[in-house]
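Please load the model in your viewer and keep the selection panel at hand. The stops below go from confidence to a hairpin and then to the nonpolar cores.

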Amino acid sequence: MIVALLLLSYAGGLSVLAPRVLTGRGWTVRAPRLAVAAWQVLIVSVLAATFMAGLALAVPTVPIRVGLSELLRACEMALRAGYATPGHAAMAATGLLLSGGVALRLGYWLVRWALTVRRQRRAHLDALTLVGRPSPELGAVVVGHAAAAAYCLPGRHRRIVLTSAALGALDGDQLRAVLGHELAHLRGRHDLVLALADVVARALPFVPLFIAARGELRALIEMVADDVAAGDHDRDVLASALLSVAEGSAPAATLAAGGPTAAVRIRRMLSPAHPLTRMSRFGVGLTVGAAFFLPIFVAGAPAAMASNQPYCPVGEPTSLQLAPVARQICAAPVPEGCTRGHSSHVLRAGSR
Amino acid sequence: MRRFGELESAVMDRLWARDEPSTVRDVLDELRAHRSIAYTTVMTVMDNLYKKRWLTRQLDGRAYRYRPVASRDQYSAALMHTAFDESGDRAAALVSFLDQMSAEDTEAVRNALRKLRRRTR
């Protein structure tokens with residue numbers, strides 16, 4: 001019970017506080033790759049903590065045992081003890097609902113994403129094959145269009161797409177910078193990064209962390225790709241390429257949702273690179289790592305502690321504080337296959 | 001389900017270039033100038049394109065006359081629209097180079113770029 005509460009408060013706290021720390025143009029702009037990793041770890045951590053909280057309620061603690069049969073036997077006895085009281089049963093049901101709900105929603109939206117993406121990409125790929133003209137020397141497909149644009153189609157059959165207007169607006173160096181940027185997206189599998197954020201935001205929409213993640217990650221992966229392209233080409237060249245594409249694209253009827261991102265990126269490329277110090281990177285890595293391992297530790301601690309407790313004593317309970325339930329079990333007739341005092345079944349001392 | 005390939009692309013090229021309802025024989029003759037290919041192959045491809053709604057056809061005597069449903073430019077525009085559609089599942093399919101910028105943004109950044117160039121000169 002305590003474990004579940006701890007895990008849930010961790011998950012809740014993180015999902016509310018983390019966006020405040022990670023959003024904004026502070027260190028994230030200087031180390032976008034690190035920021036992307038941090039977001040991903042936190043998302044997984046919140047999910048895992050919630051799932052484990054449900055499990056902690058539903059499944060009683062059993063000590064860590066090496067043998068599977070021993071573990072099953074201990075589980076069976078603990079479960080029988082747990083479900084004996086209606087209070088425990090209700091708690092267990094809540095836990096199952098929580099874990100099951102989270103798992104089912106995630107599973108459903110994951111499958112839906114996979115199928116949708118497959119259908120869309122296939123249709124888009126077919127259209128590109130028919131409508132576009134492949135340019136082997138560029139490694140891209142050129143589509144005739146009056147507005148300058150460039151994008152990539154990720155997946156198994158990946159493509160980089162340029163419009164004819166973009167080709168006209170960019171010189172050789174700028175073109176190579178744009179291609180480098182798109183290649184960075186493809187090689188880094190940024191589509192999967194976005195997919196994770198999308199799926200969790202749809203599956204569990206009431207979590208502030210997940211909603212914030214979607215918008216932030218979209219901006220961050222662009223900066224990661226910019227950094228990769230700027231590494232091989234020139235920062236100024238990439239900035240001017242960004243500007244040329246922006247100017248050459250048809251003016252938007254309304255301000256696009258991605259609005260400030262473009263201007264931020266160009267200004268970022270125009271100013272010199274200002275990477276994070278090693279100390280800061282280490283600090284971020286340490287914090288994120290701690291956040292990742294905390295729920296695992298909290299969830300696993302009771303089982304680990306129980307392994308150290310001595311087993312059911314023969315006869316009367318000793319001075320150890322055995323929970324009433326455990327006392328009941330010890331006094332009860334020994335189930336088939338168990339021998340009292342044998343180390344193969346141990347009940348956890350203390351309350352749940 | 002097979003993806004479209006170079007052959008489908010070539011057939012559409014021919015049809016867009018011809019700009020008139022054409023039979024399988026017409027397209028075959030044009031394609032044969034550059035490659036050896038069987039009548040049945042071209043027929044299957046055009047039939048498949050018709051089924052996928054890229055071509056429409058009308059019976060003329062004993063043969064079908066095919067033509068593209070829309071022009072290449074119209075298809076290009078639709079493609080771009082899908083690529084930069086903000087409302088749909090955009091993140092699912094594509095990652096674009098640049099979101100649309102407002103006129104003010106463009107002006108501001110152009111000024112910044114000009115200042116930088118002056119500084120580094």
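What follows is a short tour in selections.

This is a predicted model, in which local features need pLDDT of at least 70 and side-chain atom pairs count only at pLDDT 80 or more, while totals for chains, interfaces and linings use all residues. Residues are numbered from 1 along each chain as its sequence is written, chains are lettered from A in the order in which they are written, and side-chain values use heavy atoms, with hydrogens and water left out.

Begin by colouring chain B by pLDDT (the predictor's confidence in each residue, from 0 to 100); its mean is 83, and 76% of its residues reach 70 or more. Among the elements of chain B (helices, H or I, of at least four residues and strands, E, of at least two, are DSSP runs numbered from the N terminus), helix 3 (residues 39-51) has the highest mean, 95, and helix 5 (residues 90-93) the lowest, 46.

Next select residues 55-60 and 63-68 of chain B, strands 1 and 2, which pair in the antiparallel sense over 6 bridges; pairing requires that DSSP finds at least two bridges. B:Asp60 has B:Ala63 as its bridge partner, and in the turn of this hairpin B:Gly61 has a positive phi of about 75°.

Now move to A:Leu209, A:Phe210 and A:Leu217, the residues with the most contacts inside the largest nonpolar core, which has 47 residues. Such a core is a set of buried (under 20% relative accessible area, 1.4 Å probe, protein chains only) Ala, Val, Leu, Ile, Met, Phe, Trp, Tyr and Cys residues joined through side-chain atoms within 4.5 Å. Helix 3 (32-58) of chain A is among the elements that give two or more residues to this core, and its share, 13 residues, is the largest.

Methods: Buried means under 20% relative accessible area, exposed over 50%, partly exposed in between (1.4 Å probe, protein chains only).
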